[in-house]
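Please open the structure in your viewer and keep the selection tool at hand. The tour proceeds by stops, each of which names what to select and then describes what is found there.

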Amino acid sequence: VDLGSGDGRVVFRAAREGTFARSTGYEINPALHLFACCRRMVTPKYWYNTDFYVRDLWNVKLRDYDVVAVYGLSPIMERLG
């Protein structure tokens, strides 16, 4: 799972590598979420193993995931820490 997935590049990279069964991204910004979904639509080979959701990263149940990726600013990272 990628928290703060932005345009989806980390999620797509994980899907491309084929290491995980599913790659999921959560983004709070609707515009970035829409962009990631559009990228998914033009890349049909990743439809089956990528998901994108609009959600605040603080409301994601991380126990459902084995690997968590976060590229955040210092205040976010401190709260996660």
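Two strands count as paired if DSSP finds at least two bridges between them. The model on display is a predicted one.

**First stop: the sheet**

Select the four strands of the open sheet, which follow the order E3-E2-E1-E4 with parallel pairing. The edges of this sheet are formed by E3 and strand E4 (69–70); each has a single partner strand, so one side of each is left without a neighbour in the sheet. In general, strands of a sheet pair through backbone hydrogen bonds, and the pairing is either parallel or antiparallel.

Now restrict the selection to strand E1 (residues 2–3) and E2. These two run parallel and are joined by two bridges. Display Asp-2, and Gly-25 in E2 will be found opposite this residue.

**Second stop: strand E2**

Keep strand E2 (23–27) selected. Is this strand enclosed or open to the outside? Five of the five residues of E2 are buried, so the strand is largely enclosed by the rest of the structure. Side chains in a regular strand alternate between the two faces of the sheet. In E2 both faces are covered: one side carries Ser-23, Gly-25 and Glu-27, the other carries Thr-24 and Tyr-26, and all of these are buried.

**Third stop: the aromatic rings**

Next, display the aromatic side chains. The whole structure contains three aromatic pairs. A pair of aromatic rings is described by the distance of the centres and the angle of the planes.

Select Phe-12 and Phe-52. Their rings form a tilted pair, at 5.4 Å centre to centre and with 45° between the planes. Phe-12 belongs to helix H1 and Phe-52 to strand E3 (residues 50–54), so this pair ties together parts that are 40 residues apart in sequence. Residues under 20% relative accessible area are called buried. Phe-12, at 4% relative accessibility, is therefore buried, and Phe-52, with a relative accessible area of 10%, is buried as well.

Move on to Tyr-26 and Tyr-53. The centres of their rings are 5.4 Å apart and the planes stand at 25°, so this pair is stacked. The pair links distant parts of the chain, with Tyr-26 in strand E2 and Tyr-53 in strand E3, 27 residues apart. Are these two residues buried or partly exposed? Tyr-26 is buried, with a relative accessible area of 6%, whereas Tyr-53 is partly exposed at 34% relative accessibility.

Add Tyr-65 to the selection. Ring pairs link Tyr-26, Tyr-53 and Tyr-65 into a cluster. Then add Arg-55, whose charged end sits over the ring of Tyr-53, 5.9 Å from the centre of that ring.

**Fourth stop: the loops**

Select the loop between E3 and E4, where Tyr-65 is placed. Tyr-65 is partly exposed, at 24% relative accessibility. For a distance across the model, select the C-alpha atoms of Tyr-65 and Pro-30: they are separated by 23 Å, and the two residues are 35 residues apart along the chain.

The loop between E3 and E4 also holds Trp-58. Trp-58 is partly exposed, with a relative accessible area of 35%. From Trp-58 to Val-68 the distance is 13 Å, C-alpha to C-alpha, for a separation of 10 residues in sequence.

Turn now to the loop between E1 and H1, which contains Gly-6. Gly-6 is buried, at 14% relative accessibility. The C-alpha atom of Gly-6 is 8.9 Å from that of Ala-31, although the two are 25 residues apart along the chain.

**Fifth stop: the largest pocket**

Finally, select Val-1, Phe-20, Arg-22, Ser-23 and Val-67. The largest pocket has a volume of about 260 Å³. It is lined by 15 residues, and the five just selected are the closest to its centre. Which elements each supply at least two residues of the lining? They are helix H1 (9–17) and strand E2 (23–27). The largest share, three residues, comes from H1. If the lining is coloured by residue type, nine residues are nonpolar, two are polar and four are charged.

Conventions: Residues are numbered from 1 along each chain as its sequence is written. This is a predicted model: local features need pLDDT of at least 70, side-chain atom pairs count only at pLDDT 80 or more; totals for chains, interfaces and linings use all residues. Side-chain values use heavy atoms; hydrogens and water are left out. On a 1 Å grid over the protein atoms alone, a cavity is a set of points where a 1.4 Å probe fits but cannot get out, and a pocket is an open set with protein on both sides within 12 Å along at least five of seven lines; lining residues have an atom within 4 Å of a point. Grid points are joined across faces, edges and corners, and a volume is the space filled by probe spheres set on the points. Ala, Val, Leu, Ile, Met, Phe, Trp, Tyr, Cys and Pro count as nonpolar, Asp, Glu, Lys and Arg as charged, and the others, Gly among them, as polar. Rings of Phe, Tyr and Trp (its six-membered ring) pair if their centres lie within 6.5 Å; planes under 30 degrees apart count as stacked, over 60 as edge-to-face and the rest as tilted. Buried means under 20% relative accessible area, exposed over 50%, partly exposed in between (1.4 Å probe, protein chains only). A charge sits over a ring if NZ of Lys or CZ of Arg is within 6 Å of the ring centre and within 35 degrees of the ring normal.
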